[in-house]
Amino acid sequence: MSSLILGPSHMSSRTSRGIAYERLPCEDVQVDTAFEGSLDSDIILQNTIYDEFPDREQVEQSLLRKVDLRMSILVLIYILNYIDRNNAAAARLRGFEDDLHLEGQQFNTILSILYVGYTLMQVPSNMYLNKIGRPSIYLPTCMTIWGLISVLTGTTKGFFGAVCTRFFLGFVEAAFFPGALFLLSKWYKRRELGQRTAILSCGIMISNAFGSLLASAILDGMDGVMGQAAWRWLFYIEGSMTVLVAICAIFILPDFPGTSCSWLTAEEQALAQLRMEEDFGVGDEEETQCSKGGESGLKQALSDWKVWWLALSMTSLNVLLSFNAFFPTLSATLGYSPTVSLLLCSPPWLFATCVAFFMSRHSDQTGERFGHITLPLLVGIAGFLMAMATMNIAVRYLSLFLMAQSYTAFVVYFAWVSNSIPRPTSKRAVALAFINAFSSLGNIAGSYVWPKSWGPSYSNSYAICIGSGALCIIMSWIFRQHLMRLNQESEAKKIEGGLSKDFTYLL
């Protein structure tokens, strides 16, 4: 067997991935050409990299600490994203329907129309984001626009105006969540992604918890100020908050690892790209060149049956989670005043946030996804059954806790989606956006699952949610079996689809 020839341990200057930086100690390694291309040489080279770069762990910790700090603003953005999306549910308790003279299913249409715009825009948005590579500019710009649209919602006088503002709100909001998922997948390894995705997705639950408190304070304190109804002030204030945070986000959000940035050292930036190559077997830059941009990514994503399967499964999950938009209404069935009903919404979502964080962290540590999706769904189904069985106040309030924690499945599911479509980067961008967009059809359908005529028990609504949850579990199990077969084939062949033999799908 030919030997490895180790270069000098001192650093030398070079350019890599378009970045001029000092050569890392680990990169001063040459492999005998007779051994080049051998799978065993890759393993030995990888071991040599770690042996010859004892500071890698420290550099990696510093890199992750800096990236985590900047990515943390995504949670705040997502909180405001959902507050702007769901404030109509809170406004409903303080005259929104009466002032706009809404009748029949018009309120449900106002809720569902948002997801029409949301569905249409997600795939083009992520394709454009992948092309320009500047999420620090693109995402805050979209955020500013949706904040202004939210403010305009407070000026509407009737059904048509509310429908228009809600449609365009969804149209612009569509850029954020798939874009944020794509941004995370460009910086974090697969086993780091679940917890980060969970922390981001916890923004939904935090927004439901503190959004209710904020809405309660605004609706109680602003009624009649400057001759405006309290629900109008709700849109004015919360939309203005969104614009303010968007301006700050321009200076905080990172771009992709291949884009030069001043907040990372050259060594850290080079390592950021190397980490992605190690995790997926090929760098994003090379993937982008091979995939020839967004059009190829669109074709690859839509021709992969896994993408459609995950989209359908997520659609059924979103039907189950449709109770989220009507949570204040479900809380009001307990018989308390509008203010108390909004305050009672917070504890279940705080509980759900803790559960989601723990479960997603455990999912990352164990490398298991299916069980961490199924368990919260089963607990949520138990909550639906409890609410169907009785009108007892204590039992129904407890059921709200069990329902809310089912959002943990949504959190872990998106980490599973990112893990299951690893490359190329253009395909991953389109796939994440398409799955999230297609699954929004579940939100549209879910908006009509909770008509007033089915209240206050909403037994029919809960039954639909139970059926949707069961379908999601079955589809997830089938998908898991498919990934298990792929892993077995990969293990037998040592390499599959151009990925390194170390790549395995998380189950």
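This short talk goes through the overall make-up of one protein chain, two of its helices, three of its residues and its two largest cavities.

Before I begin, please keep in mind that this is a predicted model, in which local features need pLDDT of at least 70 and side-chain atom pairs count only at pLDDT 80 or more, while totals for chains, interfaces and linings use all residues. Residues are numbered from 1 along each chain as its sequence is written, and side-chain values use heavy atoms, with hydrogens and water left out.

Let me start with the whole chain. Its secondary structure comes to 22 helices and four strands, where helices (H or I, at least four residues) and strands (E, at least two) are DSSP runs, numbered from the N terminus. The chain has 507 residues, and 57% of them count as buried, a word that here means under 20% relative accessible area, with exposed being over 50% and partly exposed in between, for a 1.4 Å probe and protein chains only. If we take the contacts (heavy atoms within 4.5 Å) between residues at least 6 apart in sequence, 79% of them join residues at least 24 apart.

Now to two helices. Helix α10, residues 230-249, has 20 residues and reaches 29 Å from its first C-alpha to its last, which is close to the 28 Å expected at 1.5 Å a residue; the expected span is 1.5 Å times one less than the number of residues. This helix is mostly covered, with 14 of its 20 residues buried.

Helix α18, which covers residues 370-389, also has 20 residues, and because these should span 28 Å at 1.5 Å a residue, the 29 Å between its end C-alpha atoms agrees with expectation. Its buried residues include F370, H372, I373 and F384. What do the buried residues of α18 pack against? They pack against α14 (305-320), α17 (346-366), α19 (393-405), α20 and α22 (459-493).

I would like to stay on α18 for one residue, H372, which is found in that helix. H372 counts as buried because its relative accessibility is 8%. Its side chain is joined to that of H362 by a polar contact of 2.8 Å, and to that of E368 by a polar contact of 2.7 Å. A polar contact is a pair of N or O atoms within 3.5 Å; within protein, one must be able to donate a hydrogen and the other to accept it, and residues adjacent in sequence count only if both atoms are side-chain atoms. Leaving aside neighbours within four places in sequence, H372 is in contact with M359, H362, S363, T366, T408 and V412.

Next comes a pair of residues that touch each other, N81 and F176. N81 is found in helix α3. Is N81 buried or exposed? It counts as buried, because its relative accessibility is 0%. The side chains of N81 and R85 are joined by a polar contact of 2.8 Å, and, not counting residues up to four places away in sequence, N81 touches W146, E173 and F176.

F176 is found in helix α8, residues 176-187, and at 2% relative accessibility F176 counts as buried too. Its contacts, again leaving aside neighbours within four places in sequence, are L74, I77, Y78, N81, L139, W146 and L200. F176 and S125 are 51 residues apart in sequence and 8.9 Å apart in space, C-alpha to C-alpha.

Finally, the empty spaces. The structure holds five cavities of 30 Å³ or more. On a 1 Å grid over the protein atoms alone, a cavity is a set of points where a 1.4 Å probe fits but cannot get out, and its lining residues have an atom within 4 Å of a point. Grid points are joined across faces, edges and corners, and a volume is the space filled by probe spheres set on the points.

About 200 Å³ of space lies in the largest cavity. Of the 19 residues that line this cavity, the closest to its centre are N86, S207, N208, G211 and S212. The largest share of the lining, six residues, comes from α3.

The second largest cavity has about 110 Å³ of space. It is lined by 13 residues, and the closest to its centre are Y82, R85, N318, F410 and N443. Here the largest share of the lining, four residues, comes from α21. R85, then, appears twice in this talk, as one of the residues closest to the centre of this cavity and as the polar contact partner of N81.

How values were computed: 1 Å grid on protein atoms, 1.4 Å probe; cavity = no way out; pocket = protein on both sides within 12 Å on 5 of 7 lines; lining within 4 Å.
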